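Grab your favourite viewer and a pencil. The exercises below each set a task and then work through the solution one step at a time.

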Amino acid sequence: MKPVTFKFLLPTLLLFFLQFASTVMAQSAGIELPAGSFHSVLPEVVGEPHRVDTFLLDETAVTNSQFRQFLMENPRWSPSEIPALYAGNRYLQHWSNDGNYGDESLADLPVTRVSWYSANAYCGWKGGRLPTLNEWEYAAQLMYFNTPQEENLFSSELIGWYSAVDAKHTKPVGSTGIENRYGVKDMFGLVMEWVEDFKPPVASDLSLDCGTVGRMQGTSSMYGYAMSVRYITRMSFKATSTTGMLGFRCAYNAPAKTESNRGQSSALMLNAPDNQPNN
Amino acid sequence: MQYLKRIFLLLGLLLMPLLALSQHKMTMDDAGLDAAKTYHAESLYHMNAEWANQNGETIQLADYLGQPLVLVMFYGRCTGTCPVLIQRTWKLYSGIDVDIRDRVQVLAVSFDYKNDTPQALKEYAEHEQLDIPGWNFVTAQQSDIRELAMLLGVQYRERSDGHFEHSNLITVLDAQGKILLRSEGIKGGLSDTATTIEELFKSDLQ
Amino acid sequence: MTLLVLLGVSRASAQSQEYTMDSMTFGMPEAEVFTEDYHGPPVVGDYFTMLPNLAPLDYEGNKHHEVRLDAMVQEIEVANGVRYRAWTFGGTVPGPTLHVREGDRITFTMKNRSDEEVVITEPGSDASPYMQQIAGNNFMDAKPGIMPMPHSMDFHAGTVAKDDKWRTIAPGETIKFDWIANYPGTYIYHCGTPSVLMHTSMGQHGVVVVSPKDGYPTDYEVDREYVVVQSEYYLKKGTGDLYQYDFEAAQSKNPSHVVFNGHQTILHDQPLEANAGERVRIHFSNNGPSGTSSFHVIGAIFDRVWIEGHPQNEMRGMQTVLLGASGSATMDLIVPEEGKYILIDHEFADAEKGATGTLKAGPRQ
């Protein structure tokens, strides 16, 4: 080949790769969270933590503008088209019926009043899925706390939030200022979020009445108590439920090249009864 | 030289729209909307996922309009209850009156989106001696499998070792795609279920 | 088809699960949970009233009540300058008071409307007395709010399986079930969704007064009848103007306010009324969630006290009635002379947080 053609070959190929790379990145725009474990208030084996493999999680909850994009390309999920099989009739009630959320100032608010089915479909459309309950709770507790006191204060604020949230005035994603140590934002303080398995098998004999908290573990710790509120709230939903305080974010499987990560445990058990210090 | 320059630029330009298309998974066919509106409110035909079977064919639930469908969820590498569940499904299927049976289809859906490719499903079907007309072993993308499980009421969880913990369920959809019957677990007789399917034909599907 | 037949069969056999024992009825059919697009009044029933009122039982024998009491969020005032977004039944804290007779059957419906704004101050013409009383006397200045949460209902007056009837429902769902008022007395009702401490502290409680089928011995002499409910709030200042739930205070049993009928000053702003020489009956419940009450009326002695409201639990001449959380009593007092009497929880830490009220007595008629 004449030397001069290389001049054009290279930039073209570069262009190709840049495009391709951005495609790959858009497909899984999540933050990678390394494998680890955490103590759940509903463990499968009492005393044993739940293990979670490496996965990717969206940095923020899905926003109004992102969900609108999904509706534009998949109008069967818009309020006027969606069958009763997939959502109650308050689905996206705060949006206009043609699938628009109204004022552009609402673009970055987390989308709410979406059912599990529509959240699951959105994540499938993005090449991913909803996070599992364990993945979500694991990601949520990957927070930096300098002392147990700081953790308690945070958890106590959290319980206050669960009983005082103003579901009429949600704030934009990122606005809580709460980030886990990998930069995943607003796992608390913004909206409750759908997970893949919000009614885990271990809870199938729980009738969600007074005795339920007694069946949960670790609720003497503040964080565990707040966690139990989340579990109970999620377990009360049906897949067609929608509320003004319920949104979601997507998860993605880690690419195969991180096979070597499997088996690692960066065990940071923040809400175990014997509180281990963070490192 | 000019000529080559142009070729490369043209190639680059041609490649860009192709890449833009790959930005999102190919979205579903929305022209089926009008048909969708006529399905019963609780019909599973509203689900427009595309399932790939062991022969590489594409199936949608709505393809079964007008006939009952037996649905079961399993996965190929399962050594626990799945073999029993699949055998149970066969027991149900073969228990149906022979004149009616060929109008009943079975859809066996795999949890294992990674390993149970159409190829692997073909091998599985042959191994189980169930690569027969009327039986489809299918796969789809992760979120579609999850959606079907939610609609049917099947709970499942992927473990770190790639295996799945799951509940056991055989579901029968009626001719409109609504759930007619659910048979949980791996114990108990299925003759009532077979009778119910036969009765469908006697009353609705003359 | 088969399914419908099977369903029909199961309902019929459920009905026949009822049985009587000692002239009480047990074995209620299974609760129904469904989704319904209901936008009507959140409180339906002719025997629902706002505290301290009690609806008269204008019927003989037993009655089958069909009632509705929805769960919803209201922003309310509980003390001067203290407002918070409460979780309620029917829109106030405590919720409406239901009056029934021992042996009555109640078919109860509740929708979880915590994700909807529900206005309680615009009743229709056929609204329950409760809604009419609120509209005329919105002393909590209740305003609609939204805070979607799971909720449930536990009627202490009902004797049923809790995993069936007291089960939790998601926002937007409705539950419907029957219960029989098998025993007389004043019984708390409250949300049973965990954490019950949180749900009751947030406001989801009220009372059912079950009048004994043969009444109390002094019924013909009673001139006034009132219902008084004691409860605690655990509130701290939130961001903005509203107060919010103080979890740590609740866990350590350190209320910010202890009140009668849901508001720190309401029984002073709107005192109970009587005249000298009259027999006043008070149905008193300590709804908690966690405190005890040493209930006394300053200047008076309770002539008769029926512990838990049962005619056979009669005590005479009590100065103070000690009630634990969810405990109740029906008590008669004779108003001695014209003047002011103070209702009080004689545990003064509670009294000073608001557990006081006034009974104003006019001259002898």
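A residue counts as buried under 20% relative accessible area, as exposed over 50%, and as partly exposed in between, using a 1.4 Å probe and the protein chains only. The model is predicted, so local features need pLDDT of at least 70 and side-chain atom pairs count only at pLDDT 80 or more, while totals for chains, interfaces and linings use all residues. Residues are numbered from 1 along each chain as its sequence is written, chains are lettered from A and ligands numbered from 1 in the order in which they are written, and side-chain values use heavy atoms, with hydrogens and water left out.

**Exercise 1. Find the residues with positive phi, and say whether C:Asn261 is buried or exposed.**

Step 1. Begin with C:Asn261, whose phi is near 55 degrees, a positive value in a residue other than glycine.

Step 2. Place C:Asn261 in the chain: it is in the loop between strand S19 (257-260) and helix H6 (266-269) of chain C. Helices (H or I, at least four residues) and strands (E, at least two) are DSSP runs, numbered from the N terminus.

Step 3. Apply the cut-off: C:Asn261 has 3% relative accessibility, so it counts as buried.

Step 4. Repeat for A:Arg113, a non-glycine residue with a positive phi of about 60 degrees. A:Arg113 sits in the loop between helix H2 (64-73) and helix H3 (116-125) of chain A. With a relative accessible area of 8%, A:Arg113 is buried.

**Exercise 2. Locate the cis peptide bonds before C:Pro94 and C:Pro289.**

Step 1. The bond joining C:Val93 and C:Pro94 is cis, and its omega is about -10 degrees. C:Pro94 belongs to the loop between strand S8 (82-89) and strand S9 (97-101) of chain C.

Step 2. From C:Gly288 to C:Pro289 the peptide bond is also cis, with omega near 20 degrees. For C:Pro289, look in the loop between strand S21 (279-288) and strand S22 (293-298) of chain C.

**Exercise 3. Describe the surroundings of C:Val118: which residues does it touch?**

Step 1. C:Val118 is in the loop between strand S10 (105-111) and helix H2 (129-136) of chain C, and it is buried, at 4% relative accessible area.

Step 2. Collect the contacts (heavy atoms within 4.5 Å). Leaving out residues up to four places away in sequence, C:Val118 touches C:Pro42, C:Met72, C:Gln74, C:Arg113 and C:Pro144.

Step 3. Take C:Pro144 from that list. C:Pro144 is 26 residues from C:Val118 along the chain, and their C-alpha atoms are separated by 5.5 Å.

**Exercise 4. Classify two aromatic pairs, then look for charges over rings.**

Step 1. A pair of aromatic rings is described by the distance of the centres and the angle of the planes. Rings of Phe, Tyr and Trp (its six-membered ring) pair if their centres lie within 6.5 Å; planes under 30 degrees apart count as stacked, over 60 as edge-to-face and the rest as tilted.

Step 2. Searching the whole structure gives 48 aromatic pairs over all chains. One of them is A:Phe70 with A:Trp77: the centres are 6.4 Å apart and the planes at 35 degrees, so this pair is tilted. A:Phe70 is buried at 1%, and A:Trp77 is buried at 4%.

Step 3. For C:Phe108 and C:Phe155 the centres are 4.8 Å apart and the planes at 90 degrees, so the pair is edge-to-face. C:Phe108 lies in strand S10 and C:Phe155 in strand S12 (residues 154-155) of chain C, so the pair ties together parts that are 47 residues apart in sequence. Both C:Phe108 and C:Phe155 are buried.

Step 4. Now check the charges: one sits over a ring if NZ of Lys or CZ of Arg is within 6 Å of the ring centre and within 35 degrees of the ring normal. C:Arg68 lies over the face of C:Tyr38, 3.5 Å from the ring centre, and C:Arg101 over the face of C:Tyr59, at 5.0 Å.

**Exercise 5. Summarise chain C: how many helices and strands does it have?**

Step 1. Chain C contains seven helices and 28 strands.

Step 2. Its radius of gyration, taken over C-alpha atoms, is 20 Å. The globule rule (2.2 Å times the number of residues to the power 0.38) gives 21 Å for 365 residues, so chain C is as compact as a globular protein of that length.

Step 3. Of the 365 residues in chain C, 60% are buried.
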